[in-house]
Amino acid sequence: MLDEVRLRFPGTLTVLGGVGVTPIAEALVKKGAAEVIVRGEGEETFSDLVSVYGSRGRQAFHEVEGITFSDQMAALSQIETGTHSVFGHTAVADARF
Ligand code: B12
């Protein structure tokens, strides 16, 4: 689906989130599946991301806590920032099911 979005709207920021992508955030970013992965709970993190992206663009992503992203400007393949809140991995989610 993201491939289709990139094709139709070049330059669109692609973001994934949720329990499925959180444990494999680094691998997904390295693979180029999406530019940004929101890890853990999304309310604050996604809101911060949209706010920072809207005001200062991709170069300020390092200020957003709880994301993993590709930083081409710094020639780094992947950066993982701190978190607002972490539910960890599938085992934690399993306990809540
Ligand atoms: C309800 C539910 C379903 C419902 C979904 C109904 C619906 N229309 O939404 C149904 C029954 C359809 C379902 C199906 C499946 N489910 Co289900 N489901 C759940 C359950 C119980 C709650 C999920 C939920 O809505 N939570 C409430 C929301 C608000 O919280 P959240 O999901 O954690 O989301 C937060 C963050 O993750 C983040 N976030 C989430 N998505 C996104 C997206 C973006 C872009 C961003 C930025 C952030 C973000 O922000 C949210 C708020 O903080 C969880 C177990 C659990 N307790 O979490 C399992 C769970 C998510 N399901 C699971 C699985 C395996 C499946 C199925 C693959 C099962 C199957 N074999 O068919 C399918 C997949 C269906 C699909 N196509 O994706 C697993 C996922 C395991 C994993 N690590 O990937 C879980 C964790 C259960 C488990 N312990 O095994 N599921």
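This report walks through a predicted model of a protein chain, from its overall layout to its core and its less certain stretches.

**Overall layout**

Let us start with the chain as a whole. The protein chain has 4 helices and 4 strands, and along the sequence these elements follow the pattern α-β-α-β-α-β-β-α. Of the 97 residues in the protein chain, 20% are buried. Among the contacts with a separation of 6 or more, 40% join residues that are 24 or more positions apart.

**The nonpolar core**

Which residues make up the largest nonpolar core? There are 11 in all: Ala25, Val29, Ala34, Val36, Ile37, Val38, Leu49, Phe61, Val64, Ile67 and Phe69. Two or more of these residues come from each of helix H2 (25–31), strand E2 (36–38) and strand E3 (67–71). Strand E2 gives the most, with 3 residues. As a general background, nonpolar side chains in soluble globular proteins tend to be buried together.

Two residues of this core, Val36 and Ile67, deserve a visit of their own. Val36 lies in strand E2, and Ile67 is found in strand E3. Why does Val36 count as buried? The cut-off is 20 or more other C-beta atoms within 10 Å, and Val36 counts as buried because it has 24 C-beta neighbours inside 10 Å. Ile67 is buried as well, with 28 other C-beta atoms within 10 Å.

Now for their partners. Leaving aside residues up to four places away in sequence, Val36 touches Leu13, Val15, Leu49, Phe61, Ile67 and Phe69. On the same basis, Ile67 is in contact with Val36, Ile37, Val38, Arg39, Thr45, Leu49, Phe61 and Thr81. The contact between Val36 and Ile67 thus links a residue of E2 with a residue of E3, and it appears in the list for Val36 and in the list for Ile67.

**An exposed residue for contrast**

Is Asp3 buried or exposed? Asp3 sits in helix H1 (residues 2–8) and counts as exposed, because it has 9 C-beta neighbours inside 10 Å.

The table sets out C-alpha to C-alpha distances for Asp3, Val36 and Ile67, each with a partner elsewhere in the sequence.

| Residue pair | Separation in sequence | C-alpha distance |
|---|---|---|
| Asp3 and Thr14 | 11 residues | 9.7 Å |
| Val36 and Arg58 | 22 residues | 10.0 Å |
| Ile67 and Thr22 | 45 residues | 9.3 Å |

**Helix H3 and what comes after**

Helix H3 takes in residues 43–56, 14 residues in total. How does its expected span compare with the model? At 1.5 Å a residue, H3 should span 20 Å, and its end C-alpha atoms are 20 Å apart, so the two values agree. Just after H3 comes Gly57, which takes a positive phi of about 80°.

**Where to read with care**

The average pLDDT of the protein chain is 81, and 75% of the residues score at least 70. Two stretches call for a friendly word of caution. Over residues 73–77 the pLDDT stays under 50, and the model has 4 contacts beyond four places in sequence for them. Residues 85–97 also have a pLDDT that stays under 50, and here the model has 11 contacts beyond four places in sequence. Where pLDDT is low, the predicted coordinates should not be read in detail.

Technical notes:
Residues numbered from 1 in each chain as written. Buried ≥ 20, exposed ≤ 12 C-beta atoms within 10 Å, placed from the backbone. Core = buried A, V, L, I, M, F, W, Y, C linked by C-beta atoms within 7 Å. Expected span 1.5 Å × (residues − 1). Contact = placed C-beta atoms within 7 Å. pLDDT = per-residue confidence, 0-100.
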